[in-house]
Each structure stands twice: as structure tokens, then as C-alpha cells.
Amino acid sequence: MPRSRSLGIDPLSGIEVIFHDGHDAADFHVEHRQDVEPILAQNAEWRKNAEGGFKGDGWHHVARIPWVKILELSEKFGFISPAGDILDQKAYNKWVNSTDAIPYRVRGGTI
């Protein structure tokens with residue numbers, strides 16, 4: 001009989017790890033859950049108050065991406081590792097500049 005159980009919550013990130021057991025020993029998966037709303041709300045506030053964009057004129061903090069989103073991007077596209085290392089800079093830049101990434105952006109402009 002399938003069942004699920006929490007393996008714990010990381011106190012720093014707020015990520016909960018949930019183990020889903022299937023019908024047999026080979027049928028299982030691990031899920032990561034995180035309340036991303038506080039991060040997205042803070043991103044929207046920072047984006048609203050940012051002093052314009054930028055034009056490749058140095059280092060800028062442009063996005064805050066919750067860990068569960070990094071894991072999703074790693075599995076779906078592969079341009080970032082589960083540890084957050086950028087594996088394909090061109091593909092990463094394309095995603096960050098896309099409309100899909102707006103909730104994760106903290107300022108305008110393109111990279």
C-alpha cells in the first residue's frame with residue numbers, strides 16, 4: 001500500500017523532504033516542498049523598489065531563486081545543478097531573461 005512520510009524540515013531553508021513509498025521496494029520517489037511565497041513577495045518588493053536595470057556594467061544581484069525551483073530547473077532543463085552550479089551559462093541567462101523568471105527577479109534588465 002503506497003504511503004508518504006516526512007523525513008524532516010531544514011530549519012534554514014524551510015525545505016521539507018517527503019518520502020513516497022510505492023507498491024514495491026523499487027517504486028518510490030522523494031519530494032521537496034518549500035513555501036516560496038515569502039521569497040516571491042520579497043522579490044516583487046525589491047523589483048518594485050529597484051533603481052532601474054543594468055547593462056552588463058559589473059556584478060548585480062538580479063534574482064533570488066528558491067531551492068525547490070533550482071531542483072525543478074535542474075531536472076527539467078539541466079542548465080543548473082541540484083547544488084546551484086550553473087552548467088550552461090547561455091541557457092541559464094535565457095531562462096533568467098524570460099517571462100517565466102519574472103517572479104524570481106529582484107530587478108529589471110537583462111543578463
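1. Ser4 and the pairing of strands 1 and 2. In this predicted model, Ser4 stands opposite His20, a residue of strand 2. Two further partnerships can be followed by eye: Arg3 has Asp21 of strand 2 as its bridge partner, and Arg5 is matched with Phe19 of strand 2. Strand 2 covers residues 16–21 and is joined to strand 1 by six bridges, the two strands running antiparallel.

2. The turn between strands 1 and 2. These two strands form a hairpin, with six residues between them. Within that turn, Gly14 has a positive phi of about 75°.

3. Strands 2 and 3. Six bridges also pair strand 2 with strand 3, again in the antiparallel sense. Here Ile18 stands opposite Glu31 of strand 3. The connection between strand 2 and strand 3 is a hairpin that passes through six residues.

4. The sheet as a whole. Which order do the three strands take in the sheet? The order is 1-2-3, in an open sheet with antiparallel pairing. Strand 1 (3–9) and strand 3 (28–33) are the edge strands, and each of them pairs on one side only. On average, neighbouring strands of this sheet are turned by 20° against each other, direction ignored.

5. Helix 2 and its surroundings. The buried residues of helix 2 are Val68, Lys69, Ile70, Leu71, Leu73 and Ser74. The reader should note the presence of Lys69 in this buried group. The packing partners of the buried residues of helix 2 are strand 3 and helix 3. Just after helix 2 comes Gly78, whose phi is positive at about 80°.

6. The nonpolar core. The largest nonpolar core has 16 residues. Those with the most contacts inside this core are Ile65, Phe79, Ile80, Tyr92 and Trp95. Helix 2 and helix 3 each supply at least two of the core residues.

7. Contacts of Ile80 and Ser81. With neighbours within four places in sequence left aside, Ile80 is in contact with Ile70, Leu73, Ser74, Asp85, Ile86, Leu87 and Tyr92. Ser81 belongs to the loop between helix 2 and helix 3. Is Ser81 buried or exposed? Its relative accessible area is 10%, so Ser81 counts as buried. Not counting residues up to four places away in sequence, Ser81 touches Ile70, Ser74 and Leu87. Ile70, Ser74 and Leu87 also appear in the contact list of Ile80.

8. Aromatic pairs. How many aromatic pairs does the count give? The count comes to five. One of them is formed by Phe79 and Tyr92, which meet edge-to-face, with 6.1 Å from centre to centre and 65° between the planes. This pair links distant parts of the chain: Phe79 lies in the loop between helix 2 (67–76) and helix 3 (89–97), Tyr92 lies in helix 3, and the two are 13 residues apart. Phe79 counts as buried because its relative accessibility is 5%. Tyr92 is likewise buried, at a relative accessible area of 12%.

9. Trp95, Tyr104 and the cluster. Why is the pair of Trp95 and Tyr104 described as tilted? The ring centres of Trp95 and Tyr104 are 5.8 Å apart and the planes stand at 35°, an angle that is neither under 30 degrees, as stacking requires, nor over 60, as edge-to-face requires, so the pair is tilted. Both Trp95 and Tyr104 are buried. Ring pairs link Phe77, Phe79, Tyr92, Trp95 and Tyr104 into a cluster. Of these cluster members, Phe79, Tyr92 and Trp95 are also named among the core residues with the most contacts.

10. A charge over a ring. One further aromatic feature involves Trp46. Arg64 lies over the face of Trp46, at 4.7 Å from the ring centre.

Definitions and conventions
Residues are numbered from 1 along each chain as its sequence is written. This is a predicted model: local features need pLDDT of at least 70, side-chain atom pairs count only at pLDDT 80 or more; totals for chains, interfaces and linings use all residues. Side-chain values use heavy atoms; hydrogens and water are left out. Rings of Phe, Tyr and Trp (its six-membered ring) pair if their centres lie within 6.5 Å; planes under 30 degrees apart count as stacked, over 60 as edge-to-face and the rest as tilted. Helices (H or I, at least four residues) and strands (E, at least two) are DSSP runs, numbered from the N terminus. Buried means under 20% relative accessible area, exposed over 50%, partly exposed in between (1.4 Å probe, protein chains only). A charge sits over a ring if NZ of Lys or CZ of Arg is within 6 Å of the ring centre and within 35 degrees of the ring normal. Two strands pair if DSSP finds at least two bridges between them. Axes are lines fitted to C-alpha atoms, for helices over the stretch in contact, and angles run from 0 to 180 degrees between N-to-C directions. A nonpolar core is a set of buried Ala, Val, Leu, Ile, Met, Phe, Trp, Tyr and Cys residues joined through side-chain atoms within 4.5 Å. Contact means heavy atoms within 4.5 Å.
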